[in-house]
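Open the model in your viewer and keep the selection tool handy. We will go from one stop to the next, with a word on what to look for at each.

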Amino acid sequence: MSDTENFNAGDPARDAFESAQRAQAAMGLDPSKMGEAFRTMTQKSIEQSKEAYARMKSAADQATQTLEATIENAHSGSLNLTKRALEGLRAQAEMNFSHMEQLASAKTMAEFVELQTSYLRRQVELVADQAKEMQSLSQSVAQDVIRPSRDAAQKATGQDRF
């Protein structure tokens with residue numbers, strides 16, 4: 001039984017079907033092989049989609065790891081900065097209390113002025129030292145925070161130095 005036997009002669013559906021078969025034959029297409037070609041094309045498309053998904057998943061995993069490392073470094077760095085700032089405040093407070101005790105025990109105005117001058121000099125030195133230390137620590141923290149992103153960018157671009 002052929003494909004066109006289900007149609008009546010002169011039926012527009014039969015004519016369209018036969019016309020499509022003639023057009024396929026004229027283009028060198030074998031209708032029986034089109035299903036196989038479509039199946040092959042679909043399988044290839046699925047494989048390519050799986051490969052693209054695997055690459056995307058790998059990139060997302062790497063980005064997540066980079067973000068986690070960056071956040072961990074930022075957290076650790078902020079804790080170190082806060083700890084150092086509190087230590088600086090404690091040192092300032094201890095210096096202030098010690099100075100107040102010394103001022104209270106001063107017996108002459110000259111001794112009072114000498115204590116005050118010495119205190120101010122130590123205070124300025126302490127503040128300068130703390131500022132240098134905080135600046136150095138801040139730079140170190142900043143480097144630690146950007147390190148995971150910089151390393152990921154270097155890896156992605158294949159460069160040794162970014």
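A contact here means heavy atoms within 4.5 Å. With that in hand, select Thr 66, which lies in helix 2 (residues 31-104). Leaving aside its neighbours within four places in sequence, Thr 66 is in contact with Pro 148, Ser 149 and Ala 152. Thr 66 counts as buried because its relative accessibility is 18%; buried means under 20% relative accessible area, exposed over 50%, and partly exposed in between (1.4 Å probe, protein chains only).

Before moving on, some ground rules. This is a predicted model, in which local features need pLDDT of at least 70, side-chain atom pairs count only at pLDDT 80 or more, and totals for chains, interfaces and linings use all residues. Residues are numbered from 1 along each chain as its sequence is written, and side-chain values use heavy atoms, with hydrogens and water left out.

**The whole chain**

Colour the chain by pLDDT, the predictor's confidence in each residue, from 0 to 100. The mean for the protein chain is 85, and 85% of its residues reach 70 or more. Now switch to a cartoon view: there are three helices and zero strands, and from the N terminus on the elements run α-α-α. Helices (H or I, at least four residues) and strands (E, at least two) are DSSP runs, numbered from the N terminus. Among the elements, helix 1 (residues 12-26) has the lowest mean pLDDT, 74, while helix 3 (residues 109-157) has the highest, 92.

Next, turn on the surface. The accessible surface of the protein chain comes to about 12,500 Å², and 58% of that belongs to carbon and sulfur atoms; such areas come from the Shrake-Rupley method with a 1.4 Å probe, and for residues only the protein chains shown count as cover. Of the 162 residues, 12% count as buried. If you draw a contact map, take the contacts between residues at least 6 apart in sequence: 55% of them join residues at least 24 apart.

**Between helix 2 and helix 3**

Select Val 145, whose place is in helix 3. Not counting residues up to four places away in sequence, Val 145 touches Thr 70, Asn 73 and Ala 74. How far apart are Val 145 and Leu 67 in space, C-alpha to C-alpha? The distance is 9.9 Å, although the two are 78 residues apart in sequence. Val 145 counts as partly exposed because its relative accessibility is 21%.

**Salt bridges**

Show the charged side chains. A salt bridge is a side-chain nitrogen of Lys or Arg within 4 Å of a carboxyl oxygen of Asp or Glu, and by this rule the count comes to five.

- Pick Arg 84 and Glu 133, whose side chains meet in a salt bridge (2.6 Å, N to O). This pair links distant parts of the chain, with Arg 84 in helix 2, Glu 133 in helix 3, and their positions 49 residues apart. Arg 84 is buried, with a relative accessible area of 16%, whereas Glu 133 is partly exposed at 37%. Add Glu 87 to the selection: Arg 84, Glu 87 and Glu 133 are linked in a network of salt bridges.
- Pick Lys 57 and Asp 61, which meet in a salt bridge at 3.3 Å, N to O. Both lie in helix 2, four residues apart, about one turn of the helix. Lys 57 counts as partly exposed at 41% relative accessibility, and Asp 61 is partly exposed as well, at 37%.
- Pick Asp 144 and Arg 147, a salt bridge whose closest N and O atoms are 2.8 Å apart. Both lie in helix 3, three residues apart, again about one turn of the helix. Asp 144 is partly exposed at 26%, as is Arg 147 at 34%.

**Along helix 3**

Go to Met 109, which lies in helix 3. Is Met 109 buried or exposed? Met 109 counts as exposed because its relative accessibility is 60%. Add Phe 112 and Val 113, and you have a nonpolar patch on the surface with about 290 Å² of accessible area together. Patches are made of residues with over 30% relative accessible area and no salt bridge, joining like charges within 9 Å and nonpolar side chains (Val, Leu, Ile, Met, Phe, Trp, Tyr) within 5 Å.

For the last stop, select Thr 157, also in helix 3. A polar atom of the Thr 157 side chain lies 2.9 Å from the backbone oxygen of Ala 153. Thr 157 is partly exposed, with a relative accessible area of 46%.

Note on methods:
A polar contact is a pair of N or O atoms within 3.5 Å; within protein, one must be able to donate a hydrogen and the other to accept it, and residues adjacent in sequence count only if both atoms are side-chain atoms.
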